[in-house]
Amino acid sequence: MIINYFGEGGFRLQSGDLSLLVDPPNNRLKADVLLKTESDPAVFSNQPGEIGFPGEYEVKDIEITGKLVAKESSEKLTRTVYLVRFEDIKFGFLGRVSEVPPTEVLELIDDVDILFLNVDGKGALDPKDAAGLVKQIEPRVVIPSYEKDVKNFLKALGVEASNQEKFVFKKKDLDTHKGTVVVLKN
């Protein structure tokens, strides 16, 4: 599995020829499955393989479950937290939540292997709240999205991490990564 970061919360997860794109910063990036944690119901294209709302989905052997973050949603914007099962690995995507989601939403991502969360910029969790959430969920790997810097998040979590171009791993490798923070360059 290979994970790349494109900035503005955009990630690509790729295994062989199958790819999942989450919150791409532009329309030039393509993938087999497109997942959006923020969607405007009035302009959502609803193309095959495109997911932008709460529910349960299965596309090309990728299982996706989304829960609404009601407090941060409106008629014009739906924010969704997702659990993605891809190659027997569980990924949690918080997207651009600015507050810790309620317990019923967090239960969805309670046992994830890899957690993605926004820690700097528009719609980001406060670094201390983000660190507390990571400690509560205890994922094997945390991959923060950020606009400028992750220093405050790393400090609040009490860890150090160096920037990497991409994160390459196999499922069996995750057992050795307990509590690892992977900071990807954009």
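**Exercise 1. Strand E9 and its partners**

Which residue in E9 is the bridge partner of glutamate 38? Then list the strands that pair with E9, and state how enclosed E9 is.

*Solution.*
Step 1. The model is predicted. In it, arginine 79 of E9 is the bridge partner of glutamate 38.

Step 2. Place the pair of strands. E5 covers residues 38-39. E5 pairs with E9 in the antiparallel sense, over two bridges.

Step 3. Turn to E8, residues 62-68. Six bridges join E8 to E9, and the two run antiparallel. One position to check is lysine 67, which stands opposite valine 81 in E9.

Step 4. Add E10. Five bridges pair E9 with E10, again in the antiparallel sense. Here arginine 85 stands opposite lysine 90 in E10.

Step 5. Now check burial. The cut-off for buried is under 20% relative accessible area. Eight of the nine residues of E9 are buried, so the strand is largely enclosed by the rest of the structure.

**Exercise 2. The turn at glutamate 87**

Where does glutamate 87 lie? Describe its backbone, its accessibility and its charged surroundings.

*Solution.*
Step 1. Locate the residue. Glutamate 87 sits in the loop between strand E9 (78-86) and strand E10 (89-93).

Step 2. Read the backbone. The hairpin of E9 and E10 has two residues between the strands. Glutamate 87 takes a positive phi near 60° there.

Step 3. Read the accessibility. Glutamate 87 has a relative accessible area of 47%. Exposed requires over 50%, so glutamate 87 counts as partly exposed.

Step 4. Look at the surface. Glu87 belongs to a patch of negative charge, together with Glu58, Asp61, Glu63 and Asp88.

**Exercise 3. Salt bridges between separate parts**

How many salt bridges does the structure hold? Work through three of them, and say which parts each one ties together.

*Solution.*
Step 1. Start with the total. The structure holds eleven salt bridges.

Step 2. Take lysine 60 and aspartate 32. Their closest N and O atoms are 3.8 Å apart. The cut-off is 4 Å, and the pair forms a salt bridge. Lysine 60 is in the loop between strand E7 (55-59) and E8, and aspartate 32 is in the loop between strand E3 (18-22) and strand E4 (33-35), so the pair ties together parts that are 28 residues apart in sequence. Aspartate 32 is partly exposed, at 26% relative accessibility.

Step 3. Take lysine 90 and aspartate 111. Their side chains meet in a salt bridge at 2.9 Å, N to O. Lysine 90 is in strand E10, and aspartate 111 is in the loop between helix H1 (103-106) and strand E11 (114-118), so parts 21 residues apart in sequence are tied together. Lysine 90 is partly exposed, at 21%. Aspartate 111 is exposed, at 52%.

Step 4. Take aspartate 175 and arginine 140. The salt bridge between their side chains is 3.5 Å, N to O. Aspartate 175 is in the loop between strand E14 (167-168) and strand E15 (180-181), and arginine 140 is in the loop between helix H2 (127-137) and strand E12 (141-145), so this pair ties together parts 35 residues apart in sequence. Aspartate 175 is exposed, with a relative accessible area of 57%. Arginine 140 is partly exposed, at 25%.

Step 5. Extend the last pair. Which residues are linked with Arg140 and Asp175 in a network of salt bridges? Asp113 and Lys171 are linked with them.

Technical notes: Residues are numbered from 1 along each chain as its sequence is written. This is a predicted model: local features need pLDDT of at least 70, side-chain atom pairs count only at pLDDT 80 or more; totals for chains, interfaces and linings use all residues. Side-chain values use heavy atoms; hydrogens and water are left out. Patches are made of residues with over 30% relative accessible area and no salt bridge: like charges are joined within 9 Å, nonpolar side chains (Val, Leu, Ile, Met, Phe, Trp, Tyr) within 5 Å. Accessible areas come from the Shrake-Rupley method with a 1.4 Å probe; for residues, only the protein chains shown count as cover. Lys and Arg count as positive and Asp and Glu as negative; His and the chain ends are not counted. The place of a charge is taken as NZ of Lys, CZ of Arg, CG of Asp or CD of Glu. Helices (H or I, at least four residues) and strands (E, at least two) are DSSP runs, numbered from the N terminus. Buried means under 20% relative accessible area, exposed over 50%, partly exposed in between (1.4 Å probe, protein chains only). Two strands pair if DSSP finds at least two bridges between them.
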